[in-house]
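Biologist: Could you take a close look at a single part of this model, the sheet, and then at the aromatic rings and the charges that lie over them? I would like one connected account.

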Amino acid sequence: ELLPNGNLLRSAKLPNPPIRLGGYAGIVQEIDWDGNVVWEYSNSEADSVTHHTALRLPNGNTLIQLWEYYSYEDAVARGRDPDTLLSSGPRKGSWPDAILELDANNNVVWEWHVWDHIGSGPWEIDINSPFPVAGGRRGTADFNHANSLGYLPDDDLIVWNAPSFGEFYLIDHQT
């Protein structure tokens with residue numbers, strides 16, 4: 001993302017992420033025109049890793065996306081069909097998304113987690129929603145696979161895209 005100050009906000013890959021899913025990154029940086037890193041946030045831990053995109057908000061804070069690890073047992077206890085989830089190997093368990101808002105000092109000032117919104121109601125995310133793939137449904141650790149973030153400042157809404165579901169979500173930033 002090209003920022004209003006002319007700097008570039010980008011996600012980049014760190015070596016040895018905890019899970020290799022499409023779009024993994026591990027680091028978000030703001031880089032000036034001289035190639036200097038003027039802000040940076042990294043997260044490539046055993047239980048979380050940034051991915052895909054980041055977005056600078058009008059207040060100067062930064063939204064980032066990350067995957068959070070939950071064990072096979074946690075996911076099954078939460079309602080996941082055990083036949084659609086791996087219990088061992090590098091893609092074991094479940095890696096749903098979270099969104100963090102960071103201030104300039106990398107303090108988390110707001111957060112939203114898919115895990116907190118799993119259920120079967122109209123405003124909840126189905127942990128067993130089919131992930132479309134040629135030939136039918138497959139198990140995946142990254143069941144919601146979000147790609148992008150947007151922001152609607154007039155309504156203070158975060159737009160979150162989960163193409164695996166073919167859906168956009170509007171998240172009330174005030175909650």
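Modeller: In this predicted model, five strands make up an open sheet whose order is β4-β5-β6-β7-β8, with antiparallel pairing. The edges are taken by β4, residues 44-45, and by β8, residues 108-113, each of which pairs on one side only. At the β4 edge, the partner is β5, which covers residues 48-56, and the two strands pair in the antiparallel sense over two bridges; there, Glu45 is found opposite Ser48 of β5.

Turning to the aromatic rings, a pair is described by the distance of the centres and the angle of the planes. With centres within 6.5 Å as the criterion for pairing, the count comes to four aromatic pairs. For Trp160 and Tyr169, the ring centres are 5.0 Å apart and the planes stand at 50 degrees, so this pair is classed as tilted, because that class takes the angles left between stacked, under 30 degrees, and edge-to-face, over 60. Both partners can also be placed by accessibility, where buried means under 20%: Trp160 has a relative accessibility of 0% and therefore counts as buried, and Tyr169, at 18%, counts as buried too. Ring pairs join these two residues with Trp112 in a cluster.

Charged side chains also lie over aromatic rings. Arg56 is placed over the face of Trp39, at 5.4 Å from the ring centre, while the charged end of Arg78 sits over the ring of Trp115, 5.1 Å from the centre of that ring.

Methods: Residues numbered from 1 in each chain as written. Predicted model: local features only at pLDDT ≥ 70, side-chain atom pairs only at ≥ 80, totals over all residues. Heavy atoms only, no water. Pairing = 2+ DSSP bridges. Helix = DSSP H or I, 4+ residues; strand = E, 2+ residues; numbered from the N terminus. Phe/Tyr/Trp six-rings, centres within 6.5 Å; stacked < 30°, edge-to-face > 60°. Buried < 20%, exposed > 50% of the residue type's maximum accessible area, 1.4 Å probe, protein only. Lys NZ or Arg CZ within 6 Å of the ring centre and 35° of its normal.
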